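Visitor: I'm new to this one. Could you take me through the aromatic rings, up close?

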Number of protein chains: 2
Amino acid sequence: MTPEQMLDVAVDEARKGLAEGGIPIGAALFTTDGVLLGSGHNRRVQNDDPSVHGETDAFRNAGRQRDYRSTVMVTTLSPCWYCSGLVRQFNIGAVVIGEAKTFSGGHDWLAENGVQVTLLEDERCVSMMTEFIADRPDLWNEDIGVAE
Amino acid sequence: MTPEQMLDVAVDEARKGLAEGGIPIGAALFTTDGVLLGSGHNRRVQNDDPSVHGETDAFRNAGRQRDYRSTVMVTTLSPCWYCSGLVRQFNIGAVVIGEAKTFSGGHDWLAENGVQVTLLEDERCVSMMTEFIADRPDLWNEDIGVAE
C-alpha cells in the first residue's frame with residue numbers, strides 16, 4: 001500500500017467530518033504492511049469534545065495495541081503538538097501527512113526524534129483546509145488553541 | 001487555591017481510577033482563580049480506550065473553552081509527551097505535577113516553552129504509582145507505549 005493510498009482513507013474521513021458539520025481533518029492508523037487498524041476524524045463539533053482530533057480518533061478506534069513501532073499514522077494535516085506528542089509517546093514509527101501548507105505542527109520535531117515523516121502536499125487536502133479556514137476561522141482557531 | 005489543594009482533586013481522581021481497576025493517574029483543569037473546569041482520570045482499562053489519559057480526560061470534561069492561557073492543568077504524574085503536547089498546543093498557562101520520580105515526561109520541555117511548571121513531589125502520588133507499577137508493569141508499559 002502506498003502512502004497516497006493510505007492518505008485516501010484519511011481524506012475520506014475528513015470529508016465525512018465536513019459533511020457532519022465538523023472540522024475536516026481525518027486520519028488513519030495502519031500497520032506498515034498496509035492493514036488498517038482504525039480511522040477517524042476530528043469530532044470537536046459533532047461530539048462537542050475538544051479532545052478528539054483526527055489522529056486521536058484514529059488512535060482510539062485502532063483499539064489497544066501493544067506495540068506501535070510498526071504502525072503508520074496517516075493524517076490529512078500536519079499533526080499539532082497534541083497529536084505529535086501522541087505519535088512520540090507511543091513510538092508510532094511513521095507519519096504520512098497530507099499537507100503542511102495551511103498549518104504546520106510538530107512534524108519536524110518528530111523527524112528529529114526518529115519518526116519517518118512523509119509529506120505529500122496533496123492538493124485535495126490543501127484546498128479542503130483552505131476553504132474551511134476561510135469559512136470558519138472561529139472553529140479553526142478554537143481547534144488549535146489560538147485565542148481571540 | 002494552592003497548588004496542593006488543586007492536587008488533592010487530581011489525587012481523588014487517581015484513587016477513583018484505581019478503585020475501578022484502572023491506572024491510577026488523575027488530573028484536573030482549573031482557572032488560575034481556582035475554579036474547577038473539569039477533572040478526570042486514565043480510562044485505558046475502564047473504557048478499553050488507549051486515548052484517555054488523566055489529562056486528556058480532564059481536558060475533555062472541561063468542555064470546549066475559547067482560551068486556555070489562564071488555566072492550570074494539575075496532574076498526579078509528570079505528563080507524558082501526548083499530554084505535554086496537549087498543554088502546549090492549547091496554550092495552557094501552568095501545570096502542577098504531583099510527582100516525576102516514577103516517570104518523567106515532557107515537563108521540562110513545557111517549561112522551556114513558557115509554561116509555568118510546579119513540581120510538588122507529593123508522597124501520596126509517588127507511593128500510588130510505585131505500587132501500581134510493581135503490581136501491573138504490563139498495563140503501565142502499555143500506557144506509555146513501551147513495547148515488550
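Guide: Sure, one term up front: "buried" means under 20% relative accessible area, "exposed" means over 50%, and "partly exposed" is in between (1.4 Å probe, protein chains only). This is a predicted model, where local features need pLDDT of at least 70, side-chain atom pairs count only at pLDDT 80 or more, and totals for chains, interfaces and linings use all residues. Residues are numbered from 1 along each chain as its sequence is written, chains are lettered from A and ligands numbered from 1 in the order in which they are written, and side-chain values use heavy atoms, with hydrogens and water left out.

Now the rings. Those of Phe, Tyr and Trp (its six-membered ring) pair if their centres lie within 6.5 Å; planes under 30 degrees apart are stacked, over 60 edge-to-face, and the rest tilted. That gives 16 aromatic pairs over all chains. Take Trp81(A) and Trp109(A): their ring centres are 5.3 Å apart and the planes meet at 75 degrees, so this pair is edge-to-face. Both Trp81(A) and Trp109(A) are buried.

Over in chain B, the rings of Tyr68(B) and Phe90(B) have centres 5.7 Å apart and planes at 65 degrees, so they are edge-to-face. Tyr68(B) and Phe90(B) are both buried. They also belong to a cluster linked by ring pairs, with Phe59(A), Tyr68(A), Tyr82(A), Phe90(A), Phe59(B) and Tyr82(B).

Charges join in as well. A charge sits over a ring if NZ of Lys or CZ of Arg is within 6 Å of the ring centre and within 35 degrees of the ring normal. The charged end of Arg88(B) sits over the ring of Trp81(A), 4.0 Å from its centre, while that of Arg88(A) sits over the ring of Trp81(B), 4.0 Å from its centre.
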